4 protein chains.
Amino acid sequence: MPGNSFGHLYRITSFGESHGKAVGGIIDGCPAGLSIDFDFIDSELKRRNPVFTGTTPRKEPDRVEWLSGLLGNTAMGTPIAFLVQNELQLPEAYDPLVDVYRPSHADFSYERKYGIRDYRGGGRASGRETVVRVVAGAVAKLILKQSGIRIDGFIAQVGSLQLMQPPMDAPLNRNTDSGLPLTDPSREAEVIDLISKAAETGDTLGGAVICRVAEVPAGLGEPVFDKLQADLAKAMLSIGTAKAFEYGLGFRAAGMKGSEHNDKMSVDHGKVAFVTNHDGGIQGGISNGEEIYFRVGFKPVPSIHQPQKMVSSNMETSEVTIHGRHDTCHIPRLVVIVEAMTALVVADHLLRNRAARLQ
Amino acid sequence: MPGNSFGHLYRITSFGESHGKAVGGIIDGCPAGLSIDFDFIDSELKRRNPVFTGTTPRKEPDRVEWLSGLLGNTAMGTPIAFLVQNELQLPEAYDPLVDVYRPSHADFSYERKYGIRDYRGGGRASGRETVVRVVAGAVAKLILKQSGIRIDGFIAQVGSLQLMQPPMDAPLNRNTDSGLPLTDPSREAEVIDLISKAAETGDTLGGAVICRVAEVPAGLGEPVFDKLQADLAKAMLSIGTAKAFEYGLGFRAAGMKGSEHNDKMSVDHGKVAFVTNHDGGIQGGISNGEEIYFRVGFKPVPSIHQPQKMVSSNMETSEVTIHGRHDTCHIPRLVVIVEAMTALVVADHLLRNRAARLQ
Amino acid sequence: MPGNSFGHLYRITSFGESHGKAVGGIIDGCPAGLSIDFDFIDSELKRRNPVFTGTTPRKEPDRVEWLSGLLGNTAMGTPIAFLVQNELQLPEAYDPLVDVYRPSHADFSYERKYGIRDYRGGGRASGRETVVRVVAGAVAKLILKQSGIRIDGFIAQVGSLQLMQPPMDAPLNRNTDSGLPLTDPSREAEVIDLISKAAETGDTLGGAVICRVAEVPAGLGEPVFDKLQADLAKAMLSIGTAKAFEYGLGFRAAGMKGSEHNDKMSVDHGKVAFVTNHDGGIQGGISNGEEIYFRVGFKPVPSIHQPQKMVSSNMETSEVTIHGRHDTCHIPRLVVIVEAMTALVVADHLLRNRAARLQ
Amino acid sequence: MPGNSFGHLYRITSFGESHGKAVGGIIDGCPAGLSIDFDFIDSELKRRNPVFTGTTPRKEPDRVEWLSGLLGNTAMGTPIAFLVQNELQLPEAYDPLVDVYRPSHADFSYERKYGIRDYRGGGRASGRETVVRVVAGAVAKLILKQSGIRIDGFIAQVGSLQLMQPPMDAPLNRNTDSGLPLTDPSREAEVIDLISKAAETGDTLGGAVICRVAEVPAGLGEPVFDKLQADLAKAMLSIGTAKAFEYGLGFRAAGMKGSEHNDKMSVDHGKVAFVTNHDGGIQGGISNGEEIYFRVGFKPVPSIHQPQKMVSSNMETSEVTIHGRHDTCHIPRLVVIVEAMTALVVADHLLRNRAARLQ
């Protein structure tokens, strides 16, 4: 199986290189009758834009063209195809890179795999492909909304700056006025300052994102291999630069005793009530009705604006500086992408769960 | 899609409950001509046994019955079915648990999903199903061996005791004489002491496993969704009690600058040589030929031998102590399971990669 | 993808060679809560037995061992594994065939594909594997029964003897007292006579099966590639010796004019009523609520009891007579297999259709 | 699984309604390094055009826009997306049909399934979607050409006029100068006359197509469910208006004896030589190196230009005449579509077969 599809019953197939004509995809399995809120989808795509700029990263207008599957704005059950033109192509910026392998990029591994690669801005390996994830994820969010499910992502870390940690004990409302998806807006200046300083040196910063999924019905997830957390982990690690995933208490749970970690249960108004939620809302691979939360760690973008020693395909070395438009810190933009991938997983499992029982 | 299959071209479909008749599976896609080394597979299964026991955990003889797909010991390209009888069934130990939800187990979520559940030792959610993973993984290792690929797992953490950390700078040879897969055998006593103390209190311990994959050819992994690390993350999080996954520098990379993290490349004897391997052998979702390494964090087994408050399906609460055979610390046993899941992923991608180019 | 699985949400994975230890399979996706009627499944397997014997074909007791997925006789939503031992193995009968390619068998093509083959009775290519189809199909029938769907197959042709033709205008009730699934029991003697005469000469006969599916709800089938008839066609042509499939008027429709063939609609008691059903209950790939009917043509079993010139793997020719137990005419046994494959397709689409709309 | 994808390793995902903006698709799994011959693809699309016109059927310019996956004209291993604009939309022609179910169309079944349907020319159920099959099939043919495999389709029947029959004993060279893919060009006038007469009465004609696949290597096909003929049958029955499929001698084999039907083998110059090819080049579901041939039967297009009684969604009946552009006989156009679907199946199995053995 080639790897450009994700999901089983709600399924996105993606295409497009960074500096090709367009990126886009086909959503197959959107339930008929769904109303597509185009404004919402545009607003999600805007959340993917760079919110401020130490350097001058690429900012596409990103207009979605809807090609099929809709009668007016209603899904017909047929495939929904969409595309977004790549209007701001600057392939010539990559001419010096035709023949060299940028460090910690996909240049070398793609060439070894395929015997050919798109040198123009990383081609398929560029973050540009996440446009497709965001659009398909936004449609998935509309499906989830019908079931009352909410997905909220936050910046958890920028560079060495820790901003929030699991578990999610307190209600977290994203300050939607803020340009940055932070739980504590008072720290925005601090974050911006850190990024600006990195930008001045031509360097880049990594970080982490925390995502919360509220009002998930119990029962989602398919044991034993397609556990809900397994599909979430795959979804997150499929995002470029992602290096780590943990849900619930994650690595912290590794150092705990069973008696500490076990989520006690109680009865409240005739219903099961969980006293703690260390398991992050998933037990045995199946959602238990509690909030799902997880954290994703990302390495810094490898495109730094400093000279680096590079190897070329004819095995020569030279010092090259990458130009083009790149983020100093891509973490703020990743929040909507993490949410989108989460929505793809949850929507798919929501549909899959319809087949779990006799009706 | 129900969730009991894993892999695309090398594919295992698994069955079996903890206290049912048997666990087993069907390997579909084993390349014809492979010689099955039955002794090796038995030895892998033995690595899954509890190596020592504070309490008296279940220890099955675990004889593999091979049902199909082999002519003598040679794979014919047809499905290889196998099963392992559940000989040491003690379902009566679970009678007090027929109607209660054990904390942090799958009892509650399974019942919500399916409307029915196997109360006998967790049924399908039990660690017993990992027998199937180990057998299928062992066959996958035999395939990988043909390509020179080696997989080695190690105990990285037991409870709060840290035993090794990425990155993998030094050659790590597992001391195969040791009962425990540690890189530093001198610490075995310390580990055993920690587990014994936990066992005395009826408590359990979590921990972490590090896995290294050596001599992987460049080119494995299918962008953009089936990146090699994405499939590894899914494989690991599909293991019961797994809570976290990171590859390369993982969460540590999140706090680094691009100029620090980028893996410099050089030329050595006319070939690309990586100066560092922070990326853990995968770039753009595709293996680059360097060693792949990752860490998996596991929560403690939730079956503690202490009284716990439990809720029953008729919404009453009572204090119950779980009996039956359970591990105080399952981390030593998890090493071979982590390796097996790794082998499934790498073997599948090895076969998938055969379709990447024109021949 | 290896080819030993069928279906998406109701999915059977099959294993087993003719003269190996056992044949069996794993049903993944059986909806939780289904009661398994073991007697019904046994009775379906009995329908697969040779009903009378000119020669002495193999007749296994065929006891199903259920290995997992059931609590008592209730499906738990976990994989249902089963196996049937191959008790009447006579591999020595195949010793003269170790090295020769039997005409119109799979010997030559398997060896070219895999470089190895099971010479014992055709191995995986033997009709023995249909045991698995019948068991999985019988479970599927139990699911369909919950929705009122009925599947009835009939012998349509034996050798040159035509017994029934589409379209299905009259109510067809299978005479369940008869040993043969004929619509007109008065023709049983004629059929038996024809087969007996072929048996006397050591020859074999082909034929055709007609299958009717009644009370199918409108809406099953997934355009454009997974049209209901496309999945039925695949299911039927996956049966060994099947050579042809047609639904509705089939090839006869090719010679008709649109004005003749179009299925007129009318209104009866406020509901759509079809005046004719030339389309065989499927339009645009989706069931329309009318009866589905189709015909499957099978070549004669290639194992004749006459001397045939055969080529061996070292490219020598010799005259060999196949011994062992083989059917003179396998059409009577194929009826339940055709029904089983139909049940697999319809059950799968019934579950898939649950995801078609917003709920 | 929604049904708009076809294939496993060479995989097309399709989108588009007849009178929406565009039809198109994503080819995932095209082997890297393939040169795309754009002229060839255009010529294949032209073969899909109506070759002559009793009425005035729709004739789109059908320019393919390539959106991704190519560097110049070389496949990079990344998804190849393409679209064809629907330039000649005449949705107003369908206004009288907004609310009625056209006989033997998909109107009624789509509405029952999805609760909504595209009334404009059949929407997704229109033959317009076959543009995507032809483009993806043409790329597949380029892959097959590298292995020397050739696919040739012919008109076998138009209305009641039989033009050719299996088996394929004589070499069949399509007269490429002819507008119609006939083996005997002298019959072209007869065919055109028959279609013209049907057009005069506003009626439509069905027919059949025969397809031959030459130089297929032995070994393609995956037992037991994904037999090569099973996937071909599915591919053919997924084409709109297809009603029947047979390969080799097909239904004719049903009336034969084993001693007649069995394909004798011989040795010629040290290689296996088949004396006959009744099995149509496939044995045990796997190609044996002989020519593959099969026949597909199609019903007449249901859009006749005669008044028909139709039922509306509010259960009223009225007499309506369908206008718009429709074929009197679509068989000539179906030849390239049958070939395209064949190419998809064979290319997919060619890649799948790479995983069959140890390397």
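Biologist: In chain B, what is the strand order of the open sheet of 3 strands?
Modeller: In this predicted model, the order of that open sheet in chain B is β8-β18-β19, and the pairing is antiparallel.

Biologist: And which strands stand at the edges there?
Modeller: Those are β8 (100-101) and β19 (317-321) of chain B, each of which has a single partner strand, so one side of each is left without a neighbour in the sheet.

Biologist: How many bridges join β18 to β19(B)?
Modeller: Strand β18 of chain B, residues 307-312, is joined to β19(B) by 5 bridges, with the two strands running antiparallel. Within that pairing, B:Lys309 has B:Glu319 in β19(B) as its bridge partner.

Biologist: Switching to strands that pair between chains, what joins β12 of chain A to β12 of chain B?
Modeller: The two β12 strands, residues 242-247 in chain A and residues 242-247 in chain B, are joined by 3 bridges and run antiparallel. If you want a pair to look at in the structure, A:Ala244 has B:Glu246 in β12(B) as its bridge partner.

Biologist: OK, so what about the whole interface of those chains, how many residues are in contact?
Modeller: On the chain B side 104 residues are in contact with 105 residues of chain A. The area buried between the two chains is about 8,300 Å², and carbon and sulfur atoms give 59% of that area.

Biologist: How many salt bridges are found across the interface of chain B and chain A?
Modeller: The rule finds 10 salt bridges across the interface of chain B and chain A. One pair whose side chains meet in a salt bridge is A:Asp226 and B:Lys234, with an N to O distance of 2.7 Å. Across that interface there are also 53 residue pairs in polar contact, counting pairs with both residues at pLDDT 80 or more.

Biologist: Which element of chain B gives the largest share of the side that touches chain A?
Modeller: That is helix α2 of chain B, residues 107-114, which contributes 7 residues. By type, the chain B residues on the side that touches chain A divide into 43 nonpolar, 38 polar and 23 charged.

Biologist: Different topic: what rotation superposes chain C on chain A?
Modeller: A rotation of 180° with 0.0 Å of shift along its axis does so, at an RMSD of 0.0 Å, and that is the relation of a two-fold axis.

Biologist: Which residue of chain C comes closest to the rotation axis?
Modeller: That is C:Arg354, whose C-alpha lies at 3.2 Å from the axis.

Biologist: And why do you say the copies meet through the same surface?
Modeller: Because 100% of the interface residues of chain C are also interface residues in chain A.

Conventions. Residues numbered from 1 in each chain as written. Chains lettered and ligands numbered in written order. Predicted model: local features only at pLDDT ≥ 70, side-chain atom pairs only at ≥ 80, totals over all residues. Heavy atoms only, no water. Least-squares fit on C-alpha atoms with pLDDT ≥ 70 in both. Contact = heavy atoms within 4.5 Å. Buried area = accessible area lost by both parts, 1.4 Å probe. Salt bridge = Lys/Arg side-chain N within 4 Å of Asp/Glu carboxyl O. Polar contact = N/O pair within 3.5 Å; in protein donor to acceptor, adjacent residues only side chain to side chain. Helix = DSSP H or I, 4+ residues; strand = E, 2+ residues; numbered from the N terminus. Nonpolar A, V, L, I, M, F, W, Y, C, P; charged D, E, K, R; others polar. Pairing = 2+ DSSP bridges.
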